[in-house]
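User: I should like to go through the ligand site of this model and the reasons behind the terms used for it.

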Amino acid sequence: MSRHFFTEARAGLVHILRERGIIDEAVLQAFGVVPREHFVSGPFKQRAYEDIALPIDKHQTISQPFTVARMTELLEVKPNHTILEIGTGSGYQAAILAEMGASVYTIERHFELYTASRSILKELFPATAIQCRFGDGTIGWSEYAPYDGIVVTAGAPEIPDALLKQLKIGGHLIIPVGNEKSQIMHCIVREDESNYADYPLEDVSFVPLIGKQGWSGS
Ligand code: SAH
């Protein structure tokens, strides 16, 4: 697969995202730059710019580009924002956020995915601060809190309390909530110290969020 093939395919994906309703130009610009083929392996590379989820290691998935774009748009990312991501997976969502100028803190519970994504992110963004952590993201990452935005890329049974507490006033928490097969995307906005507005949006389907304030599992 040549470099030219991927460059053209990447531009094609941006076109698809625009047609599907993504309007934030900063999001679209990032999709036009980040090489998704680096985040999938072997035979999936040639399908990297189809608007579909693809398998990665440990029975997990790299989310569909439209979903990544939609969640990023809902976060309302601005350069220099600090964003916490729960569920690094392939690292692609973290790369989109970094490309938009955010400082990214991302947590993954599978050690293999944590090490693989960390090395790809280091290679692609040698000068950018992307902090990767191995562990349970349902308890957040209090050291760097509060965050301008928090994005959870796995389906939760309920909204983890710790994440609400680690959000800045005015910040957005984007999280799929439901059962282990299907969820509703929620955009939660912290209005002040103790009030949150909860906007339930479209139906989605994510792998389960497993942890202390998530599903139990191995
Ligand atoms: N954002 C990813 C999507 C990966 S799928 C990407 O762009 O590729 C969701 C990921 O969440 C999986 O890798 C899964 O292992 C991870 N995950 C599930 N529960 C978690 C938890 N409690 N803490 C951290 N990661 C979790």
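User: Which residues surround the ligand most closely?

Analyst: The model is predicted. In it, 27 residues surround the ligand, and the closest are Glu 85, Ser 90, Glu 108, Gly 137 and Ile 210. They count as near because each has a heavy atom within 4 Å of the ligand.

User: What makes the approach of Ile 210 to the ligand a polar contact?

Analyst: A polar backbone atom of Ile 210 is 2.6 Å from a nitrogen atom of the ligand. The limit for a pair of N or O atoms is 3.5 Å, so the pair qualifies. Gly 137 also offers a polar backbone atom, at 2.8 Å from a ligand nitrogen, whereas Asp 136 uses a polar side-chain atom, at 2.9 Å. The protein covers 99% of the 580 Å² of accessible area that the ligand has on its own.

User: Why is the ligand said to sit in the largest pocket?

Analyst: The space taken by the ligand is the largest pocket; the term applies because more than half of the ligand atoms lie within 2 Å of the pocket's grid points. Strands β2 (61-62), β3 (82-86) and β4 (103-108) and helix α4 (92-99) each give two or more residues to the shell around the ligand.

User: How is the lining of the largest pocket made up, and what volume does the pocket have?

Analyst: About 620 Å³ of space lies in the largest pocket. Its lining has 43 residues, with Thr 61, Thr 153, Ala 154, Phe 206 and Val 207 nearest the centre. The largest share, 5 residues, comes from α3.

Technical notes
Residues are numbered from 1 along each chain as its sequence is written. This is a predicted model: local features need pLDDT of at least 70, side-chain atom pairs count only at pLDDT 80 or more; totals for chains, interfaces and linings use all residues. Side-chain values use heavy atoms; hydrogens and water are left out. A polar contact is a pair of N or O atoms within 3.5 Å; within protein, one must be able to donate a hydrogen and the other to accept it, and residues adjacent in sequence count only if both atoms are side-chain atoms. Accessible areas come from the Shrake-Rupley method with a 1.4 Å probe; for residues, only the protein chains shown count as cover. On a 1 Å grid over the protein atoms alone, a cavity is a set of points where a 1.4 Å probe fits but cannot get out, and a pocket is an open set with protein on both sides within 12 Å along at least five of seven lines; lining residues have an atom within 4 Å of a point. Helices (H or I, at least four residues) and strands (E, at least two) are DSSP runs, numbered from the N terminus. Grid points are joined across faces, edges and corners, and a volume is the space filled by probe spheres set on the points.
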